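Subject: Structure for you to look at

Hello,

Here is the structure I said I would pass on. Please open it first, then read the notes below alongside it.

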Amino acid sequence: MVIKAFYKDVLHISDQTLLEHFVNHTKHLHLKKGDLLIREDEMQENFIFLLHGILRGFFLDTNGRDITDCFGFKCGTPAMSCYIDKELSPISIEALTECDVIVISSTALQNLMQANPQILWIYNSLLRKALKDHWTTKTMLCQHTAMERYQWFLQEYPGLIDKISNKYIASFLGMTPVTLSRLRGVLRAQAENVCL
């Protein structure tokens, strides 16, 4: 029932026959905190959506340092490192909290897209949104000050600052944990001064 509700309420698929096709080709997966959903350099064979929880995409740089690339926390977020069928993943994706995801094979999805233009339209919409989000994030991280990046994070990822490790947030924002801590202190002090 969770799977059917997701396709109906989140992806807005209304055709009952199509809904049944999706339900029949989809499985629900529960992840524990720390579980890897996708490993870097593994073949991508499934299309995955987050139902609930917090996911983190990361890779290792040439020095072996863990670099956070992205976070997923909204229901309906595609939990994938790429949208191209049968490609090696450039990043790993791990559960930062207990998570629930739904998984549909790329082959089943491609068959459904060929049979129904509505699915192709939804797929293209997801690709457009992912591309827009990617460039918004890239622009913010490359063209703004550390404080602007941190304030953007607070706005775009509400509540995550209190739910996940500061080292992951700092890595994502391109700063050290010490810098992030200093910025948090500055904003706290500003908030206290406003309240006086």
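**The largest pocket**

Five elements each supply at least two residues of the lining of the largest pocket: β4, β5, α4, α5 (146–156) and α6 (166–173). Please keep in mind throughout that this is a predicted model. Among the contributors to this lining, α4 has the largest share, with 17 residues. The space in the largest pocket comes to about 1,400 Å³. There are 48 residues in its lining, and those closest to the centre of the pocket are C70, F71, A130, D133 and H134. Sorted by class, the lining holds 27 nonpolar, 13 polar and eight charged residues.

**Overall layout**

To place these elements, it helps to step back to the whole chain. The protein has seven helices and seven strands. Along the sequence they follow the pattern α-α-β-β-β-β-β-β-β-α-α-α-α-α. Taken along the principal axes, the C-alpha atoms fill a box of roughly 60 × 40 × 30 Å.

**The four-stranded sheet**

Two of the pocket elements, β4 and β5, belong to an open sheet of four strands in the order β2-β6-β4-β5, with antiparallel pairing. Which strands stand at the edges of this sheet? They are β2 (36–38) and β5; each has a single partner strand, so one side of each has no neighbour in the sheet. On average, and with direction ignored, neighbouring strands here are turned by 35° against each other.

Two pairings in this sheet can be followed residue by residue:

- Strand β4 (residues 55–60) pairs with strand β5 (residues 66–72) in the antiparallel sense, over six bridges. The bridge partner of G57 in β5 is C70, and C70 is also among the residues closest to the centre of the largest pocket.
- β4 also pairs with strand β6 (residues 92–95), again in the antiparallel sense, over four bridges. Here R56 has E94 of β6 as its bridge partner.

The hairpin of β4 and β5 has five residues between the strands, and G64 in this hairpin takes a positive phi near 80°. Helix α6 lies across β4, β5 and β6, and runs at about 95° to β5.

**The three-stranded sheet**

A further open sheet has three strands in the order β1-β7-β3, and its pairing is antiparallel. Its edges are β1 (26–31) and β3, each with a single partner strand, so each has one side without a neighbour in the sheet. From one strand to the next, the twist averages 30°. β1 pairs with strand β7 (residues 99–105) in the antiparallel sense over six bridges. In this pairing, L29 has V101 of β7 as its bridge partner.

**The cavity**

How many cavities of 30 Å³ or more does a search of the whole structure find? The search finds one, and about 90 Å³ of space lies in the largest cavity. The residues lining the largest cavity are Y7, L11, F22, F47, F49, I104, L109, I119, I122, Y123 and L126. Two elements give two or more residues to this lining, namely β3 (46–52) and α4. Helix α4 has the largest share, with four residues. By class, the cavity lining has eleven nonpolar residues, with no polar and no charged ones. Helix α4 therefore recurs in these notes, since it has the largest share of the pocket lining and the largest share of the cavity lining.

**Helices α3 and α4**

The remaining item is how α4 packs against its neighbour in the sequence. Two packed helices are described by the angle between their axes and the distance between the axes. For helix α3 (residues 106–115) and helix α4 (residues 117–143), the angle is about 120° and the axes are 5 Å apart. The two helices are therefore oblique to each other, as 120° falls outside the 65 to 115 degrees counted as roughly perpendicular and is not over 145. L109, L112, M113 and A115 of α3 make the contact with P117, I119, L120 and Y123 of α4. Eight nonpolar residues form this contact, with no polar and no charged residues. Three of the residues named here, L109, I119 and Y123, also line the largest cavity.

Regards

Note on methods. Residues are numbered from 1 along each chain as its sequence is written. This is a predicted model: local features need pLDDT of at least 70, side-chain atom pairs count only at pLDDT 80 or more; totals for chains, interfaces and linings use all residues. Side-chain values use heavy atoms; hydrogens and water are left out. Axes are lines fitted to C-alpha atoms, for helices over the stretch in contact, and angles run from 0 to 180 degrees between N-to-C directions. Angles under 35 degrees count as roughly parallel, over 145 as roughly antiparallel, 65 to 115 as roughly perpendicular and the rest as oblique. Contact means heavy atoms within 4.5 Å. Ala, Val, Leu, Ile, Met, Phe, Trp, Tyr, Cys and Pro count as nonpolar, Asp, Glu, Lys and Arg as charged, and the others, Gly among them, as polar. Two strands pair if DSSP finds at least two bridges between them. On a 1 Å grid over the protein atoms alone, a cavity is a set of points where a 1.4 Å probe fits but cannot get out, and a pocket is an open set with protein on both sides within 12 Å along at least five of seven lines; lining residues have an atom within 4 Å of a point. Grid points are joined across faces, edges and corners, and a volume is the space filled by probe spheres set on the points.
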